[in-house]
Amino acid sequence: MLTTTTDPTATARPTTTAKPARVRAGRQLHGGRITHAVLIVFTMGSLFPLVWTAIAASRNNTRLAQTPPPFWFGGNLFKNLEIAWTDANMGTALLNTTVVAGTVAAGTVVFSTLAGFAFAKLRFRFKNLLMVLVIGTMMVPPQLSVVPLYMLIAELSWTDQLQSVILPMLVSAFGVFFMRQYLSEALPTELIEAARVDGASSWRVVWHVVFPAARPAMAVLGMLTFVMAWNDFFWPIIALTQNGSPTVQVALTGLGRGFIPDQSVIMAGALLGTLPLLLAFVIFGKQIVGGIMQGAVKG
């Protein structure tokens, strides 16, 4: 019969549990005081032009000419806003600018995505040469195209009509290059081939494969194009007039006329032209940032 003996001098060894390794992935990062100070300084510097515009719009021309200039709000804001709204025909200008900027942004996003997909994933002759030509157009100053473009819209009787500022901007070389670079990395060729094997046509591939994959880049391109079209001044001031179908930038030129321009009214008009952009960023800012982050974490 086997017996087991225990050593009375033996002591139980304490069991040590290994501490879990610190998980760094997904850990929330906290900035220090220096980081917060730098961000506050940059935020104040970015907001200063807007705040100063509002302060100047709430004063009168006499106070703005004094030294030192005012650094707080006055009591003429709503009065100056009403004058700017009436004198510049701001209601019509805001509507026209919304139509122009929205149409240009939508057209640029769609056409640039199609062209970018073709340059990124399709095979055709002279593809690289055509891409070089597209990039080369970005090096041509826009001032060189003003005379032939104006002759064209005058021949078509489009002077002082919105299509004269919409159609020349529906496609941009930057948008084509931007979408081509994005789709080259974000859209796997195997996904397109799988759709082809399933019998999908070219338009079905574009609608169900290309557009969903390019959605983050399309959001960024649409935002940049909308802001650029909204703030465009050079070509609209040539093609449009203040009394016809003005955009915001064209309408604001009427506020600076006179022997002594009223700077407070001009600032009020600039504030009216800026508020829709700020409102758009407040409403759609979360979706735009979410689209950018969705594209950043692919793969």
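Student: At roughly what angle do the axes of helix H8 and helix H10 cross?

Tutor: This is a predicted model, so let's read the angle from its helices. H8 covers residues 173-186 and H10 covers residues 202-231. Their axes come within 10 Å of each other, and they cross at roughly 135°.

Student: Is H8 parallel, perpendicular or oblique to H10?

Tutor: The crossing angle is roughly 135°. Roughly perpendicular runs from 65 to 115 degrees, and roughly antiparallel needs over 145. The angle fits neither, so H8 is oblique to H10.

Student: Is the crossing of H8 and H10 left-handed or right-handed?

Tutor: The angle doesn't settle this one, so look at how one helix passes the other. For H8 passing H10, the crossing is right-handed.

Student: Which class of residue, nonpolar, polar or charged, has 13 members in the contact of H8 with H10?

Tutor: H8 brings residues including Phe174, Phe178 and Leu183, while H10 brings Val210, Pro216 and Leu221 among them. Gly175 of H8 is also on the list, and glycine counts as polar. Charged residues are absent, there is one polar residue, and the class with 13 is nonpolar.

Student: Okay, zooming out. How many helices does the protein chain have?

Tutor: Reading along the sequence, you meet α after α in the pattern. There are zero strands, and the helix count comes to 13.

Student: What share of the residues in the protein chain is buried?

Tutor: A residue counts as buried when its relative accessible area is under 20%. The chain has 299 residues, and the buried share is 31%.

Student: In which helix is confidence lowest, and in which is it highest?

Tutor: For the protein chain, pLDDT averages 81, and 84% of the residues score at least 70. At the low end is helix H13 (residues 263-296), with a mean of 75. At the high end, with a mean of 92, is helix H4.

Student: How many contacts beyond near neighbours in sequence does the stretch of residues 8-12 have?

Tutor: Be careful here: where pLDDT is low, the predicted coordinates should not be read in detail. Over residues 8-12 the pLDDT is below 50. Beyond near neighbours in sequence, the number of contacts for this stretch is zero.

Student: And how many contacts beyond four places in sequence does the model have for residues 295-299?

Tutor: Here too, pLDDT stays under 50. Even so, for residues 295-299 the model has contacts beyond four places in sequence, and their number is five.

Student: Is Ala270 buried, partly exposed or exposed?

Tutor: You'll find Ala270 in helix H13, where it touches Thr53 and Leu252, leaving aside residues up to four places away in sequence. Its relative accessibility is 24%. Buried would need under 20% and exposed over 50%, so Ala270 is partly exposed.

Student: What separates the C-alpha atoms of Ala270 and Val248?

Tutor: Along the chain, the two residues are 22 residues apart. In space, their C-alpha atoms are separated by 8.7 Å.

Student: Which residue in the loop between helix H3 and H4 has a positive phi of about 50°?

Tutor: Look just between helix H3 (77-87) and H4 for this loop residue. It is not a glycine, yet its phi is positive. At 36% relative accessibility, it counts as partly exposed, and its name is Asn89.

Student: What is the phi of Asp160 near?

Tutor: Asp160 sits in the loop between helix H6 (146-155) and helix H7 (163-166). Its phi is positive although the residue is other than glycine, with a value near 65°.

Notes
Residues numbered from 1 in each chain as written. Predicted model: local features only at pLDDT ≥ 70, side-chain atom pairs only at ≥ 80, totals over all residues. Heavy atoms only, no water. pLDDT = per-residue confidence, 0-100. Helix = DSSP H or I, 4+ residues; strand = E, 2+ residues; numbered from the N terminus. Contact = heavy atoms within 4.5 Å. Axes fitted to C-alpha atoms, helices over the stretch in contact; angles between N-to-C directions. Parallel < 35°, antiparallel > 145°, perpendicular 65-115°, else oblique. Buried < 20%, exposed > 50% of the residue type's maximum accessible area, 1.4 Å probe, protein only.
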